Amino acid sequence: MSVASVENGGVSVVTDEPLYEVIGDVRKELPPMSAREIVMGSVLLGYLIRHVEQQGLGRAVNEMLFDLRPTVDRSRRPDVAFVSYDRWPRTRLIPRTNTWPVVPELAVEIVSPTNGFEEVIEKMQEYFQAGSRLVWVVIPDPCEVYAYTSPTATRIFTRADELPGDPVLPGFRLPLAKLFEEGTED
């Protein structure tokens with residue numbers, strides 16, 4: 001299994017280690033995502049990278065393991081995430097460790113056949129508990145994105161809508177048809 005992590009400038013890091021998260025002291029291997037969800041995550045990451053680079057906002061990454069401690073005794077790996085330069089300054093080097101010790105402002109979870117909605121909702125709640133400000137839960141079927149600004153405040157966007165990034169990503173708007181067109185069958 002390979003992991004690709006992309007951030008500003010299109011830099012990729014690839015390893016053969018299985019994806020995992022850490023719950024307490026227990027390492028939990030993650031089941032693989034389907035090809036469709038991987039492509040959707042890559043499409044979303046591409047839009048985020050362009051926006052954050054143009055606006056000088058921070059770093060967009062995929063499959064990064066974030067250390068959410070001490071607030072939540074977990075290290076979680078959102079499918080896509082954004083960390084602003086306010087949380088991790090541009091001049092501060094990213095550590096050469098498996099886990100980035102910062103809480104992303106935006107965490108994105110893409111629901112795939114290998115994970116349940118309840119599991120994704122639990123992760124969403126943990127991201128907010130740790131300090132995230134926005135969580136997008138992408139549901140490929142029926143082409144919806146649940147945009148959470150808190151564990152109890154959500155808006156549902158469909159393929160006909162534009163997904164806004166405010167206030168975390170000022171000015172970001174993604175026509176969801178572009179995200180979901182990669183995952184439709186002929």
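Start by selecting Gly131: this glycine comes right after helix 2 and has a positive phi, near 125°. Before moving on, know that this is a predicted model, where local features need pLDDT of at least 70, side-chain atom pairs count only at pLDDT 80 or more, and totals for chains, interfaces and linings use all residues. Residues are numbered from 1 along each chain as its sequence is written, and side-chain values use heavy atoms, with hydrogens and water left out.

Now step back to helix 2 itself, residues 117-130. Helices here are DSSP runs of H or I with at least four residues, strands are runs of E with at least two, and both are numbered from the N terminus. The end C-alpha atoms of helix 2 sit 20 Å apart, which agrees with the 20 Å expected for 14 residues (1.5 Å times one less than the number of residues).

Which residues of helix 2 are buried? Pick Val120, Ile121, Lys123, Met124, Glu126, Tyr127, Phe128 and Ala130; buried means under 20% relative accessible area, with a 1.4 Å probe and protein chains only. Show strand 10 (106-110) and strand 12 (144-150) too, as they are among the elements covering those residues.

Next, jump to Cys143, in the loop between strand 11 and strand 12. Its phi is positive, about 60°, though it isn't a glycine. Cys143 counts as buried because its relative accessibility is 12%.

Glu63 lies in the loop between strand 5 (58-62) and strand 6, and its phi is positive as well, near 55°.

Last stop, the cis peptide bonds. One joins Arg69 and Pro70, with omega about 10°; another runs from Asp166 to Pro167, with omega near 0°. Most peptide bonds are trans.

Note on methods
Buried < 20%, exposed > 50% of the residue type's maximum accessible area, 1.4 Å probe, protein only. Contact = heavy atoms within 4.5 Å.
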